[in-house]
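Let's take a friendly walk through a protein model, one region at a time. Have the sequence and the 3D view ready as you read.

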Amino acid sequence: MPRSLRIAIGGIHIESSTFSPHLSTASDFEVTRGDALTARYAWLSPLAPWAAEIEWVPLVHARALPGGAVDAAAYDAWSAEILDGLARAGTLDGVLLDIHGAMSVVGRDDAEGDLVTAIRSVIGPEPFVSAAMDLHGNVSPVLFAGCDLLTCYRTAPHVDVWETRERAARNLVDALRRGQRPHKALVHVPVLLPGEMTSTRVEPARGLYGRIAEVEARDGVIDVAIWIGFAWADQPRCRGAVVATGTDAAAATEAARELGEQFWAAREEFTFVAPTGPMDECLDTALVAVADPARRPFFISDSGDNPGAGGADDVTFALSRLLARPEIRDGSVRAVFASLVDPEAVAQVADRSPGTPVEVPVGGRIDPRDPGPLPLAGVLEAVAEDPDGGRCVSIRVGGLSVFVTSRRMQYRQLASYARLGVAVDEVDLVVVKIGYLEPELFDAAGDWLLALTPGGVDQDLERLPYAHLVRPIFPLDRDFVADLTVATR
Ligand SMILES: [Zn+2]
């Protein structure tokens, strides 16, 4: 009887901006090992039929909310743990890498590429390596060379995260059972696009990602994946990519070539998923619009400091503009600002009774850009424990509830607002640190504008000080012929 297949699972999963002053440290990560790691994957508990008769070997998995670059010591420790686990695992047939693909580590340009190279140095060239990634990750030549299968999400906002991981695992198992190393093909697409231009809810991303099913169904094709890439790191690997894998080399090459060309041809059509403008213009529009019940609650995305993309989550610019409005201060407009991370401010006020007047500086500690810490004088409205944000408070100033959290978090679920006593459908205006609206907010919104605010994930890429990208790249460069050569190794 042949021995059963052995597949190790592990990875480090974070999207981290080199333009954010935030430093992602070990304490920002949720780390799983052993049974807790395997319990993450639905196909392992209970074991799906296709995953049976395989020995799944957990290594270590670390994941964090997007942030600034990762502390090198934290990365080195998990990388060493993964390598050590592989060395102790004995003979392996495969490795499933559960990664984001846009991990910036202080002092490194291609963290995932380094990781896969280190993994190969332990396991050798024989085992198959399959990577499950975020479509906002990057596919460097080194990462591509080290993997046999690479795939990524097909939706943004991402609603197929677990499907993607399962597909990466199944494709790995199928390839191992066939006993044939997959053929692979990569086309780099020289574009740098903010995620807020590339929602798969709207064209052209909807049509581009919509082609995957048809191309993947062709004979000889295993998987087709399209990476938008990550715009907020200043690294040579940052750009779009298409990877196709297959049992037939020509079919994989053709699939990658075709979708790479379609992606490139669509570059001028990517526009922001919502109307955009400077914060003050967005407020002008919103404060008029809220007179119309159909447009309430009106959402404004404070997109430049979106913690969901790596922003510090404490830039006070948008809050300061809100507080400058008389309609907000006199309470004639009911608004919410969600949120700022500031554990010191929370600690200063959270033990008081709701209803107590408070005066406390908030925000601007991690990312002190203009206007920096903002003195807030109001009334303590609510205190809550949030599973993401830790201890949180709401401070009421006129018509505005300002949410302050102990840990970086994103207010993308209605339940998080409710914890601090706010029913989103009862307020006029919500200003939230987010990019495109996540599904619950999208459904709740009467109207929506994306404010191009300053921060570590500024959506206006032309304002960012890039020095290490491979040029030319659209839209920073416009008059050039793209090299869409298909790489196969
Ligand atoms: Zn993403």
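Arg-218 is partly exposed, with a relative accessible area of 28%. Three words describe exposure here: buried means under 20% relative accessible area, exposed means over 50%, and partly exposed is in between, using a 1.4 Å probe and protein chains only. The side chain of Arg-218 meets that of Glu-258 in a salt bridge, 2.9 Å from N to O. A salt bridge is a side-chain nitrogen of Lys or Arg within 4 Å of a carboxyl oxygen of Asp or Glu. Side chains of opposite charge can pair when their charged atoms come close.

Before going on, a word about the model: it is predicted, so local features need pLDDT of at least 70 and side-chain atom pairs count only at pLDDT 80 or more, while totals for chains, interfaces and linings use all residues. Residues are numbered from 1 along each chain as its sequence is written, and side-chain values use heavy atoms, with hydrogens and water left out.

**Salt bridges**

How many salt bridges does the structure hold? There are 40 salt bridges. Here are three of them.

| Acidic residue | Basic residue | N to O distance |
|---|---|---|
| Asp-98 | Arg-165 | 3.1 Å |
| Glu-126 | Arg-181 | 3.8 Å |
| Glu-258 | Arg-218 | 2.9 Å |

The elements named in this report are DSSP runs, numbered from the N terminus: helices (H or I) have at least four residues and strands (E) at least two. The pair of Glu-258 and Arg-218 links distant parts of the chain, 40 residues apart: Glu-258 is in helix H8 (residues 249–265), and Arg-218 is in the loop between helix H7 (212–216) and strand E10 (221–227).

Next come Glu-126 and Arg-181, whose closest N and O atoms are 3.8 Å apart. Glu-126 lies in the loop between H3 and E7, and Arg-181 in the loop between H5 and strand E9 (183–189), so this pair ties together parts that are 55 residues apart in sequence. Glu-126 counts as exposed at 60% relative accessibility, whereas Arg-181 is partly exposed at 30%.

Asp-98 and Arg-165 form a salt bridge too. Are these two residues buried or exposed? Both Asp-98 and Arg-165 are buried.

**Strand E6 and its neighbours**

Asp-98 belongs to strand E6 (residues 94–98), which is mostly covered: five of its five residues are buried. Gly-94, Leu-96 and Asp-98 point one way from E6, while Val-95 and Leu-97 point the other way.

Which strands pair with E6? Two strands pair if DSSP finds at least two bridges between them. Strand E1 (residues 5–13) is one partner, parallel to E6 over four bridges, and Gly-10 has Leu-97 in E6 as its bridge partner. Strand E7 (residues 128–133) also pairs with E6 in the parallel sense, over five bridges. There, Val-95 has Val-129 as its bridge partner. The chain crosses from E6 through helix H3 (residues 111–123) to E7, and this β-α-β crossover is right-handed: with the strands pointing away from the viewer, the path from the first strand over the helix to the second runs clockwise.

**The nine-stranded sheet**

Elsewhere there is an open sheet of nine strands with mixed pairing, in the order E12-E20-E13-E19-E14-E18-E17-E16-E15. Its edge strands are E12 (276–277) and E15 (357–362), each of which pairs on one side only. Six bridges join E15 to strand E16 (residues 374–386), and these two run antiparallel. One bridge pairs Glu-359 with Ala-377 in E16.

**Unusual backbone spots**

A cis peptide bond joins Ala-156 and Pro-157, with omega about 0°. Pro-157 is in the loop between strand E8 (149–152) and helix H5 (161–178). The peptide bond from Asp-370 to Pro-371 is also cis, with omega near 5°, and Pro-371 sits in the loop between E15 and E16.

Phi of Glu-53 is near 60°, a positive value in a residue other than glycine. Glu-53 is in the loop between helix H1 (34–38) and strand E4 (54–64), and Glu-53 is exposed, with a relative accessible area of 67%. Asp-313 has a positive phi as well, near 80°. This residue lies in the loop between E13 and helix H10 (317–323). Asp-313 is buried, with a relative accessible area of 0%.
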